Amino acid sequence: MSELGFDEFMAARWAPLYRTAYLLTGDRHQAEDLLQDALARTCVRWSSIRDKGAADAYVRQAMVRQMTRQWPRRRREVPTEELPETGYAGGLDVRAEHLDLWAEVRRLPPRMRATLVLRYVEDLTAEATARELGCSVGSVKSQTHHAIKRLRAALPDLHPAALSAEEPS
């Protein structure tokens with residue numbers, strides 16, 4: 001059986017990795033840039049990645065590290081009267097409740113948003129999320145708790161199932 005090549009990996013995994021990048025950045029152009037940068041870094045190191053099955057984690061970690069370097073420099077969104085064209089939202093624009101939830105998730109500080117994306121979209125454990133964010137498990141749990149608390153306060157009428165994720169002790 002031949003080893004998976006980078007081009008095959010990229011073709012097979014672009015969509016789910018793009019979704020993660022989009023959720024981390026909240027902007028499709030920034031998501032494309034973030035993912036392309038992470039894939040370029042992965043391509044350069046492809047031959048040294050022993051477990052090609054873990055390549056998704058390698059790319060995700062590269063994206064999170066890049067975002068971590070950008071967090072102090074990121075500008076806050078400025079509300080305007082006119083909404084920009086939404087374009088492709090990675091399937092996140094299916095239901096009105098999800099749109100409201102996604103709008104509030106985008107308002108969260110980047111670290112809280114990254115924690116929610118890794119925990120509940122990528123379905124990583126608190127320990128794996130802590131490794132990818134370079135912080136403690138307690139910090140992941142705290143960030144998750146505060147993010148969900150903010151979302152519940154901002155969206156009190158949202159269906160309870162959408163905000164039912166609680167961080168285990």
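What percentage of the 169 residues in the chain is buried? The share of buried residues is 38%. The points below concern a predicted model.

1. **Overall architecture.** The chain contains seven helices and zero strands. Read from the N terminus, its elements follow the order α-α-α-α-α-α-α. Among contacts with a separation of 6 or more, 66% join residues 24 or more positions apart. The exposed area of the chain is about 10400 Å², and carbon and sulfur atoms supply 52% of this area.

2. **Aromatic residues of α1.** Six aromatic pairs are found in a search of the whole structure. One of these joins Trp14 and Tyr18, whose ring centres are 6.5 Å apart and whose planes meet at 15 degrees, so the pair is stacked. Both residues belong to helix α1 (residues 6–25), where they are four residues apart, about one turn of the helix. Trp14 is partly exposed, at 30% relative accessibility, whereas Tyr18 is buried, with a relative accessible area of 7%. The ring of Tyr18 also pairs with that of Tyr22: the centres are 6.3 Å apart and the planes are at 25 degrees, so this pair is stacked as well. Tyr18 and Tyr22 are likewise four residues apart in helix α1, or about one helical turn. An α-helix has 3.6 residues a turn, so residues three or four places apart point the same way. Tyr22 is buried, with a relative accessible area of 7%.

3. **The aromatic cluster.** Which residues form one aromatic cluster with Trp14? The cluster consists of Trp14, Tyr18, Tyr22 and Trp102.

4. **Ala31 and its contacts with α1.** Ala31 is located in helix α2 (residues 28–45). Its relative accessibility is 0%, and Ala31 therefore counts as buried. Once residues up to four places away in sequence are set aside, Ala31 touches Tyr18, Ala21, Tyr22 and Thr25. For Ala31 and Tyr18, the separation is 13 residues in sequence and 6.6 Å in space, C-alpha to C-alpha. Two of the residues touched by Ala31, namely Tyr18 and Tyr22, are also members of the aromatic cluster.

5. **Charged groups over rings.** Lys52 is placed over the face of Trp46, at 4.8 Å from the ring centre. In addition, the charged end of Arg119 sits over the ring of Tyr120, 5.4 Å from the centre of that ring. Arg119 is itself among the buried residues of α5.

6. **Helix α5.** The end C-alpha atoms of α5 are 15 Å apart; this agrees with the 16 Å that its 12 residues should span at 1.5 Å a residue. The helix is mostly covered, as nine of its 12 residues are buried. These buried residues are Pro110, Met112, Arg113, Ala114, Thr115, Leu116, Val117, Leu118 and Arg119.

7. **Backbone at Asp123.** Most residues other than glycine have a negative phi. Asp123, although not a glycine, has a positive phi of about 60 degrees. Asp123 is placed in the loop between α5 (110–121) and α6 (126–133). With a relative accessible area of 64%, Asp123 is exposed.

8. **Thr129 in α6.** Is Thr129 buried or exposed? Thr129, which lies in helix α6, is buried, with a relative accessible area of 0%. Apart from neighbours within four places in sequence, Thr129 is in contact with Thr115, Leu118, Arg119, Leu124 and Val140. Of these contacts, Thr115, Leu118 and Arg119 are buried residues of α5, and Val140 is one of the buried residues of α7.

9. **Helix α7.** Helix α7 (residues 137–154) has 18 residues, and the distance from its first C-alpha to its last is 26 Å, close to the 26 Å expected at 1.5 Å a residue. Its buried residues are Val140, Gln143, Thr144, Ala147, Ile148 and Leu151. Viewed down the helix axis, the buried residues of α7 fall within an arc of 125 degrees, so they line one face of the helix. The exposed residues Lys149 and Ala153 are carried on the face of α7 turned away from its buried side.

Methods
Residues numbered from 1 in each chain as written. Predicted model: local features only at pLDDT ≥ 70, side-chain atom pairs only at ≥ 80, totals over all residues. Heavy atoms only, no water. Helix = DSSP H or I, 4+ residues; strand = E, 2+ residues; numbered from the N terminus. Buried < 20%, exposed > 50% of the residue type's maximum accessible area, 1.4 Å probe, protein only. Contact = heavy atoms within 4.5 Å. Areas by Shrake-Rupley, 256 points an atom, 1.4 Å probe, with all protein chains shown as cover. Phe/Tyr/Trp six-rings, centres within 6.5 Å; stacked < 30°, edge-to-face > 60°. Lys NZ or Arg CZ within 6 Å of the ring centre and 35° of its normal. Expected span 1.5 Å × (residues − 1). Arc of directions from axis to C-beta.
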